[in-house]
Amino acid sequence: MTPRLLLTWSLRDLRARWIQVLTIALVIGLGAGSFASFNSMTAWRLASNDASYEVTRMYDLRVDLSDGSYLERGRLTDIIRSIPSAQGVLAIEERLTIPTQLRLEAGNETVLVPGKMVGMDFSAPDGPSVTRVHITQGSTLGPEDAGEPRILLEHNFATAYELPAEGQALLAGGRPVTYVGHALAPEHFFVLTEEGAIFAHTTYAIIFSTVETVGMIAERPGTVNDAVMRLDDSLSRESVIAELERALAAALPRVGVVVTQDSDDPVFRAVTEDVAGDQQTTNVIAFAIFIGAVFAAFNLTSRMVETQRREIGVAMALGVPGWQIALRPMLVGAQIALSGIVFGVVVGWLLAQALKSVLNEFLPLPVWESPFQYGIFIIVNVVALLVLLVAIGYPIRRAVGVQPIDAIRTGHLAARGGGLAPLMTRLPIPGATFGQLPFRNVARAPRRAALTILGIAAAVAVIVVLVGIFDSYLSTLQAGREETLKSAEDRLIIDLALPVPTNSSIVTTIRDAESIAAVEPGLRVGASLSADDADEGFEVLLRFIDFDSAFWTPTAVEGQLDQSRRGIVVARKAASDLGVAAGDEVVLTHPVREGLASFSLRETRLPVLAIHPHYLRTVVYMDNRHADMLNIGGTTNRITALAVPDTETIDVKEELFTVSGVVSVTTVEAEASLTEDLLNQFISIMRVMQAIPLLLAVLIAYNTASIAMDERRREHATMAAYGVPYRTILRMAAVESLIMGVIATIVGVILGLALMLYLINVILPRTSPELGLTITFTPTSFVIVFVLGVLAVAAAPLLTARKLRRDDIPSTLRVME
Amino acid sequence: MIDLESVAKRYEVGAITVTALDRVDLHVSEGEFIVVLGPSGSGKTTLLNVIGALDTPTEGRITVGGQRVTGASGSALFAFRRSMVSFIFQSFNLFPGLTALENVQFGIDAANRASAEPSRSAADVLEDVGLGERIPHFPHELSGGEQQRVAIARALATGNPVLLADEPTGELDFTTGAQILELLHQQADAGKTILVVTHNREISRMADRVIELSSGRIVHDGPPAGGRAAISDLRW
């Protein structure tokens, strides 16, 4: 046989089954394409992250004073310059960050949100040298803006409200400012509140200004509360951190100072570490899709080789060597695989474009680098080709391995075994032989059925993973929301810039406000929690509340809220991470007031009084009576309030906006809904992603049904000859698919749940350790997945109805084999 | 039982018109055992197919059991096949996923004629064709002759009055083939109308009537030359 004849012959084979070939190529394309595009996304994100953090010169190390502590400008720089490795510190910049509120007009809407103001060094002509801002609209600030009421608005916030590049706004206390541009900064590529709400750019404003301006607004001119620096790459960060900690402890013994690196920044961590976590997640999904495609390809080629059985036998009888006989089906297989790869490139490119636009929308980095990933596409597709060729080669090897006479034999002597059909004879199935046939057909070819089932199961598993992850998120958030809103659901949270005595004028002003009916003072401070002194622990927001509150107290799922004992109430996730239960002790590292504007950090061993059900491990409670351990007993910086009945929240916000020291007025309902709104947006995107495995399942099912229709042509023709209506034949085919759909869906659900558990228990904690997800797969989702999986598969034979009706019964019946 | 009036069947193959049947007139009475004889391409299978409503003639009129086949709707033809004719094929066309008994039961289920012969179960019919011991076996566990017996039992189980057999002995050895023919003959004796298509002239010797086709035309219609032979006299 000449290569030309081989090629022509194999192309004819392809043409004879072009719909099935096209389908399988699309299946392969979906598998390889999703794999390649998901990996492209990872490459883009890594490249874009690197470029974005470089252009904005993200800090390497940060020195942060504890809440409420301030130092005169230049002091931190002097201390940093005094460490032994000071020559390796390339740049230092001091900053002043304060909480505030922002009020402005956005179209017809009045926006009044809490936020924070970051004072930076704009004294150099090109702006800050460490942790710069990237201007997306308008102009930047310069040395001439020092002390002037000019600010930059954070890009995500400004975009969300469609704000112009320039405009007027009011800060807390009613201070008028002019915003002159929109800016992105590396610590706020997405907006994260202190409460842990992510993508909070619509409800939390980040404002950039000069350090001098912020000092004036905070009425602390000439002070700072953090410093950021960039280091020479040759320096060991750990040794510099150790040097800094020693130097700071010696120079500022009564001030709590924390030295962190860029990887400790939650936004930096999320942006960079999410890439690895997301890649693992998407790889699992893409791999499952690809495996489904491989099973489907294997199935199709096996069946194509089976139809060539006699031709293979004839060639063997004519003495053609096995490897030559294998060439034709191998060529067919290779052509299918290549068509799949072409589809893979197209599907991958389309998916990549969609993912790119989603990424751009959700994470607007200053630099987005998204070149076509030739390397990834080549590697993925070469691997796909090799895997497919192996899958194709196996049935071919089996076909040429038999005796020629077995391959040539026709008629009853060629009748094949019944597979597992004999096992089904005792199964009582209603509907006489019409009811039995679909079950027998599935059982008759167990290997084929298994391949089909595994292919569909892989697709179903992907759907389960996607649905399950979101079920878990939603049920966790819903449980958190129910906990937050279980009583006094209209209550307001009023945050103050600093702790003030509960009998101070600011508290009195709030209590006496026309729109306020009742108040409960509390405290909120940053702290960290660990299992013991040696444990590194994690950051928390410690809230001092009244355990006997008339408004709200956390639910104790374990232990009791005991006002009389000095102890702590931690989240379920925190207890799990620390390995403690109610009654055990933990170490709380918390600030202790040392002076008017200085706090030191102290470790205190405390018993865990109770465990509460909130999903964030950062949420920690103590009773107000024990706030004296911070040396700020009798003060408050967070007031829980109830508005006068029939008063709108905006009226309370407006009334308190002009009260100096009030930095935020929000409803607990708004806080509880924030992340939910965001997830709803993600869910709409994930719904699109679910379409891929669903399409895959339909394609695999269609191909299986189509091949089965081909293989059973004679059986169907015999039925038609006996007067069995087409609708009955189709119903039997649909029942056969339904059986496989049910089994595949059950296998897929089990597989998907296992994958989901792996992703939530193993991958998620690496990127979002704060989050304690309750693993959920709701009955509704189960029904949806089951109905989608089963119906899509069961309905597939209906697509072959035309083919069945067009079959020439007499010709089919006369075909010998 | 069967009436064909000027039945023709023509196929277009590219630019060429192939005439498979050319103005065939035929009358078959109830209980006749007829062998349709002819070389390949003579139109004998086409004749069987148009009688059995698997194919529609280009022109002419066909009536079977008083039912007009030509001009009937698609669904009426399906109903006709369920109630009037049953096929026996050269390569048996048994359902490999069903046992011998279930294949026969399929015939009953397809005809949906539960009340026609309530005493005749699928097992009874298999007993009649001598396969009472092979009831639970799947087709691949049966010999060729046994498979064809199951196929005949399936056709009989429908209770339909006309059996159409297309080369029923084509895949069988002489002894088995002879047994199958004897079985079919017994059905004719029992009142069924049997049409057997074959290219084997020896088989035609045992028919009541031989219809010989050549190029789509009936060239002979009458008893076999030399009279009807016993099965034991046949050789091929």
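**Notebook: a sheet, some salt bridges and a cavity**

I began with chain B of this predicted model, where I found six strands forming an open sheet with mixed pairing, in the order β6-β7-β8-β3-β9-β10. For strands I relied on DSSP runs (E, at least two residues), as for helices (H or I, at least four residues), both numbered from the N terminus, and I took two strands as paired if DSSP finds at least two bridges between them. Strands of a sheet pair through backbone hydrogen bonds, either parallel or antiparallel.

I then looked at the edges, where β6 (85-88) and β10 (217-222) of chain B each have a single partner strand, so one side of each is left without a neighbour in the sheet. From one strand to the next, the twist averages 20 degrees; such angles run from 0 to 180 degrees between N-to-C directions, with axes fitted as lines to C-alpha atoms, for helices over the stretch in contact.

Inside the sheet I followed strand β3 (residues 33-37) of chain B, which runs parallel to strand β8 (residues 193-198) of chain B and is joined to it by five bridges. Which residue in β8(B) is the bridge partner of Ile34(B)? I found that it is Leu195(B).

Next I noted two helices that lie across strands of this sheet, with contact meaning heavy atoms within 4.5 Å. Helix α1 (residues 44-51) of chain B lies across β3, β6, β7 (162-166), β8 and β9 (209-214) of chain B and runs at about 150 degrees to β8(B), while helix α5 (residues 144-157) of chain B lies across β6 and β7 of chain B, at about 175 degrees to β6(B).

On conventions, I wrote down that residues are numbered from 1 along each chain as its sequence is written, and that chains are lettered from A and ligands numbered from 1 in the order in which they are written. I also noted that local features need pLDDT of at least 70 and side-chain atom pairs count only at pLDDT 80 or more, whereas totals for chains, interfaces and linings use all residues, and that side-chain values use heavy atoms, leaving out hydrogens and water.

I searched the whole structure for salt bridges (a side-chain nitrogen of Lys or Arg within 4 Å of a carboxyl oxygen of Asp or Glu), and the search gave 37 over all chains. One of them joins Arg73(A) to Asp121(A), with the closest N and O atoms 3.8 Å apart, and these two residues are 48 residues apart in the chain. Are they buried (under 20% relative accessible area), exposed (over 50%) or partly exposed (in between), using a 1.4 Å probe and protein chains only? Arg73(A) is partly exposed at 33%, whereas Asp121(A) is buried at 17%.

In chain B, Arg228(B) and Asp208(B) meet in a salt bridge of 3.1 Å, N to O. Arg228(B) lies in the segment after β10 of chain B and Asp208(B) in the loop between α7 (201-204) and β9 of chain B, so the pair ties together parts that are 20 residues apart in sequence.

Another salt bridge, at 3.3 Å from N to O, joins Arg444(A) and Glu715(A); Arg444(A) is in helix α12 (residues 432-444) of chain A and Glu715(A) in helix α18 (residues 713-721) of chain A, 271 residues apart. Glu715(A) is buried, with a relative accessible area of 9%.
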